[in-house]
Amino acid sequence: MQQPAPSTSLPERARRVIPGGVNSGQRNVPGLTDLVISRAQGASFWDSDGRQYTDYHAAFGPPLLGHNDPDVAGAVAEAGRKLDLCGVGVTEGEIELAETLVELIPSMERVLLTSTGSEATFHALRVARAVTGRRLVVKFQGCYHGWHDSVSLNVISAPERVGGKDPISTGILPEVLDATLVLRFNDPDGVRAAFAEHGADIAAVIVEPVPHNVGCLLPEQEFLQTLRDECTAHGSVLVFDEVITGIRHGLAGWQGVSGVVPDLTTMGKAIANGYPVGALGGRADLMDQFSSRPGAPVFFAGTYNGHPAVVAAALATLRKLRAEPVHEHVFRLGERVRAELPGVLAPLGVPAVVTGYGSVFVTYFMDELPRTYEDLLANDTGMFVGYRRRMVDQGIFELPLNLKRSHLSYAHTDADVDRLLEATERAVREQLAAGDAVADLSGASTMGGAR
Ligand SMILES: Cc1ncc(COP(=O)(O)O)c(C=O)c1O
């Protein structure tokens, strides 16, 4: 066994035994490779040197209530005292959570729990293929649906890779990539054309109704409606991947906002405020194909599905979201950021647009609000990453990776927003003065294509 020398730093110890020193490819951020997190509470986290950061990264989205929310933490501790995983039958908590999701999410007649969002999207596509007997799935450039092969392509693509297949990993069978069609977001004509050509072979269309994995592309109503209409007309399964939008943008998800109801919905992240949960729900005739029902043909399993502590976290989160003005608070702060940041940036003479929805915001350094991924190629990556690295130096954490969105939580305050506006002004000014001085942008997106 390798024993670390007493003087070895924590990051060095991590890199010795964990590839790259982190447990997700999205956590290794250029310029911050020595970051060791030791505590999180409310709107902040602390590193192992005791430095506090106001957190707008929010672990890619789960802690809508803020970190380590006392009601959620209390419910988890209580569950742990009474119960742990037994792996047979069902618990009362799982029933209550499923009832709550079915009540809240318009498309959900039945629901199954997973541990991650990736598992939920995997099973959505598997059941769609099983029920339709078809081969193809459709995804959109810029959307991310997890790490599994059918959807591991065309997220943050380099300009020369847009329009072709751009896998985010090596090791995927070419025939799997061949079975995924990649279309343009917000392009209803492209969707109609794809259905005209391949409709009889399309098992599913999967979409982030708001593509937040590239910041924020707001969907046009005609686009979402076209997805619904074409899927209905051709007997394909429409999957809304609401892993980010699900609870964060409203208790009924984006389907509640848009009125466009998919056949299946995947959820995760904010449902349990940071505890590992995913959910797949939708039409009863589709969901009843899963092997949780005796004799049904679509295999579904997971040792940790419906873990009592995670279920307790989800129930406590949803209870609090229904009882307290959480959405009102985060939407108000989000509106403030989106309304006030442009005024802060305009005098600096830098082309910038601020967009987002509810608690989510993002500043792109370009002239026009983007509609499609192709529009985002105009974003000044050096500026986007550079000002965020300078924000980190000021104790404000917006993830310094290209196109990443930022999140507000119930624990953020107006004073935090004041500080965010001031810090942004200072960071952008410094970045402009330094010129394009971000030396290493090679890892500025870790969702780019794999060569
Ligand atoms: C929209 C969307 N779908 C699916 C996933 C995968 O979820 P998980 O990381 O929990 O597997 C993510 C993760 O970021 C996501 O943003």
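In the predicted model, E398 is buried, with a relative accessibility of 2%, where buried denotes under 20% relative accessible area, exposed over 50%, and partly exposed the range in between (1.4 Å probe, protein chains only). R388 is likewise buried, at 0% relative accessibility. The side chains of these two residues, E398 and R388, meet in a salt bridge with an N to O distance of 3.7 Å, a salt bridge being a side-chain nitrogen of Lys or Arg within 4 Å of a carboxyl oxygen of Asp or Glu. E398 occupies the loop between β13 (396-397) and β14 (406-407), whereas R388 belongs to helix α14 (residues 381-393), and the two are 10 residues apart. Helices (H or I, at least four residues) and strands (E, at least two) are DSSP runs, numbered from the N terminus. Because the model is predicted, local features need pLDDT of at least 70 and side-chain atom pairs count only at pLDDT 80 or more, while totals for chains, interfaces and linings use all residues. Residues are numbered from 1 along each chain as its sequence is written, and side-chain values use heavy atoms, with hydrogens and water left out.

In total, the structure holds 23 salt bridges. One of them pairs R110 with D288, whose closest N and O atoms are 3.0 Å apart. This contact links distant parts of the chain, with R110 in strand β4 (residues 110-114) and D288 in the loop between α10 (284-287) and α11 (308-323), a separation of 178 residues. R110 counts as partly exposed at 37% relative accessibility, whereas D288 counts as buried at 19%. A further salt bridge is formed by the side chains of E220 and R371, at 2.5 Å from N to O. E220 lies in the loop between β7 (202-207) and α7 (221-234) and R371 in the loop between β12 (360-364) and α13 (373-376), so this pair ties together parts that are 151 residues apart in sequence. E220 is partly exposed, with a relative accessible area of 30%, and R371 is also partly exposed, at 34%. Elsewhere, salt bridges that share partners join R332, R336, E340, D414 and D418 into one network.

The ligand is surrounded by T116, G117, S118, Y144, H145, G146, E208, N213, D241, V243, I244 and K269, a residue being assigned to these surroundings if one of its heavy atoms lies within 4 Å of the ligand. By class, this shell comprises 3 nonpolar, 6 polar and 3 charged residues; Ala, Val, Leu, Ile, Met, Phe, Trp, Tyr, Cys and Pro count as nonpolar, Asp, Glu, Lys and Arg as charged, and the others, Gly among them, as polar. An oxygen atom of the ligand lies 2.8 Å from an N or O atom in the side chain of K269. Backbone atoms also take part: a polar backbone atom of G117 is 2.9 Å from a ligand oxygen, and a polar backbone atom of Y144 is 3.4 Å from a ligand nitrogen. The protein covers 84% of the 390 Å² of accessible area that the ligand has on its own, areas being obtained by the Shrake-Rupley method with a 1.4 Å probe.

D241, a member of the ligand shell, also belongs to strand β8. In this strand (residues 237-241), 5 of the 5 residues are buried, so β8 is largely enclosed by the rest of the structure. In a regular strand the side chains alternate between the two faces of the sheet. Both faces of β8 are covered, with V237, V239 and D241 buried on one side and L238 and F240 buried on the other. Strands β7 and β8 run parallel and are joined by 4 bridges, pairing of two strands requiring that DSSP find at least two bridges between them. Within this arrangement, I206 has V239 as its bridge partner in β8.

Two non-glycine residues with positive phi were examined. A58 has a phi of about 55° and lies in the loop between β3 (52-55) and α2 (70-82), where A58 is buried at 5% relative accessibility. N273 also has a positive phi, of about 55°; N273 is placed in the loop between β9 (264-267) and β10 (278-282) and is buried, with a relative accessible area of 7%.

M287, in helix α10, counts as buried at 4% relative accessibility. M287 and G395 are 108 residues apart in sequence, and their C-alpha atoms are separated by 46 Å in space.

Methods
A polar contact is a pair of N or O atoms within 3.5 Å; within protein, one must be able to donate a hydrogen and the other to accept it, and residues adjacent in sequence count only if both atoms are side-chain atoms.
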